[in-house]
Amino acid sequence: MGPIVIEIDNLVYTYPDGQQALKGVNLRVWEGEKVAIIGPNGAGKTTLLLHLNGILNGDGMVRVMGTEVRGRHLGAIRAKVGMVFQDPDDQLFSPTVFEDVAFGPLHSGLPEEEVRRRVRRALAQVGMEGFENRMPHHLSLGERKRIAIATVLSMDPAILVLDEPSSELDPRSRRSLIQLLERLPQTMLVASHDMRLVRDLCPRTVIMDEGRIVADGPTGRLLADAELLVRHGLEPP
Amino acid sequence: MKHAFLDQYSYGDSLVHRLDPRVKLVATLGFILAVTATPPAAWPTFLVLLLMTLGLIWAARLSLVVGLRRSLIFVPFTLVVALSIPFTTAGEPLFRFRLLSWPLTITDQGLLLFWAVVFRAWLSVLAAGLLISTTHFVELLLAMKSLGVPKAIVSVISFMYRYIFVLVDEAMRLSMARDSRSADPDGRGGGTLLWRARVLGGMISTLFLRSYERSERIYSAMLARGFTGEIRTLEDTSLQHTDLITLAAFLTLLVTVEAMAYLYW
């Protein structure tokens, strides 16, 4: 196994309304791993993901590639952690696909030629070449999901964090999305309810329930334990 | 869901469509300025300006009927605003009457000004309609940026354009959900007006809350990609000579028409 890229120690997070979403989470992720996070609604999956690039700041320690996710490191962290949100309409906020994919590189202060090169490469990686001048609201959900992934690939991240990447997709778009994610070399953290995506994409699975990690191990073993899954509001694939 | 109503015409191809968007934006603003500056009595000038607009609509191969019908949508708003003008402008009295024992007088100057205000507003809307029907919205944003409109304002307009479709979808889903539960088995349903108004109010506040929450998620997505509060964009292309000549000719024409208006009226 390679070096540890994500270290989370005793992370606690309470929402402003007093609801405790994370109650002491510990997690280690090694380079190149593809890890699924599963659990019922409200288990704290999204909240945990939002800590990985400092959108939320709880108590405890979060380190990404050896750097603590805090204050002045945030700029560097956000270049390393590509976060793909569940609803592509939240992620794609520019009038054209090109501008959206170029947003991250432009904000890293890259020169124009490099920005254009990165946009071309990111769109090619997700199989969406030639969509530069299209408008997000004229694309299908499957296409928008791919573009959303391209908007973070253009930043050359070492880690990809995906929240429900396959939700609401038809089987064909879902299948091709899984194949796309399998091909990408990045370390991946995927929150999902889609047990077949978890089985096909991630060798390791973490189960969360009520703000805690309740199981962590090889996907095959966890998904075969029907009793464990049902106890935490899930079901075997 | 697809929404063609906003940009169904801007994909056309004509000399007007192919002009540089910056030229079209400046020309439209110049035209609206000229319309506003035209003296109320200079009706031949108004006629010339109207013919110019209709000529351009024709040259852009747009439907005159659609253009006129769209521009009329704004007339009621203008009427409401301008309604008091005939009564409040000094001049020769034309009619006197009492409205609920309130004495009212319509003056000739007032009527003329009223007519001019409504016509100016209508012409301006027609010209703005021509601009958005021949220029893609994204080009218009680039034009604003390169003409020095503050980036924050361009961003706000850009967000508006991006999310108006999402909002319309959201509103349509809400009203579909309401309509599918609006059963009326014996023809006596429907509820009172007050009750229906309350339901609509609830839908509007739901829409507002969802938009508010979405805006927070969008902001998170921006932060996640390194947004620091500064808006960055790529540099834009340079203007062609032919575009500049067209703009100069158009503005000269406008100034000439206006100068004549001031000389004769």
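## Strand pairing, cores and contacts in a two-chain model

In this predicted model, Leu11(A) stands opposite Val25(A), a residue of strand S2(A). The pairing around these residues is antiparallel, with 8 bridges joining strand S1 (residues 4–14) of chain A to strand S2 (residues 20–30) of chain A. Between the two strands the hairpin has 5 residues, and in this hairpin Gly18(A) takes a positive phi near 95 degrees.

A second glycine of chain A, Gly42(A), is placed in the loop that lies between strand S3 (34–38) and helix H1 (45–51) of that chain. Although 21 residues separate Gly42(A) from Ala21(A) in sequence, their C-alpha atoms are 7.7 Å apart in space. Is Gly42(A) buried or partly exposed? Gly42(A) counts as partly exposed because 15 other C-beta atoms lie within 10 Å, whereas a buried residue would need 20 or more.

The largest nonpolar core holds 74 residues, and the members that touch the most others are Ile37(A), Val64(A), Val84(A), Ala150(A), Val161(A) and Val190(A). Apart from this core lies another one of 29 residues, with Leu25(B), Leu49(B), Ile57(B) and Val154(B) among them. Leaving aside residues up to four places away in sequence, Ile37(A) touches Lys45(A), Leu48(A), Leu189(A), Val190(A), Ala191(A), Val206(A) and Met208(A). As a general background, nonpolar side chains in soluble globular proteins tend to be buried together.

Chain B is divided into domain 1, which covers 15–147 + 237–264, and domain 2, which covers 151–180 + 191–224. Taken over C-alpha atoms, the centres of these two domains of chain B are separated by 32 Å. Contact between them involves 4 residues of domain 1 of chain B and 5 residues of domain 2 of chain B.

Between the chains, 26 residues of chain B are in contact with 26 residues of chain A. On the chain B side, helix H8 (137–146), helix H9 (151–180) and helix H10 (193–224) each supply at least two residues, and H10(B) gives the largest share, 8 residues.

The table sets out the classes of residue on two contact sides of chain B.

| Contact side | Nonpolar | Polar | Charged |
|---|---|---|---|
| Side of chain B that touches chain A | 14 residues | 5 residues | 7 residues |
| Side of domain 1 of chain B that touches domain 2 of chain B | 3 residues | no residues | 1 residue |

Methods: Residues numbered from 1 in each chain as written. Chains lettered and ligands numbered in written order. Predicted model: local features only at pLDDT ≥ 70, side-chain atom pairs only at ≥ 80, totals over all residues. Core = buried A, V, L, I, M, F, W, Y, C linked by C-beta atoms within 7 Å. Buried ≥ 20, exposed ≤ 12 C-beta atoms within 10 Å, placed from the backbone. Contact = placed C-beta atoms within 7 Å. Helix = DSSP H or I, 4+ residues; strand = E, 2+ residues; numbered from the N terminus. Domains from an automatic or database assignment. Nonpolar A, V, L, I, M, F, W, Y, C, P; charged D, E, K, R; others polar. Pairing = 2+ DSSP bridges.
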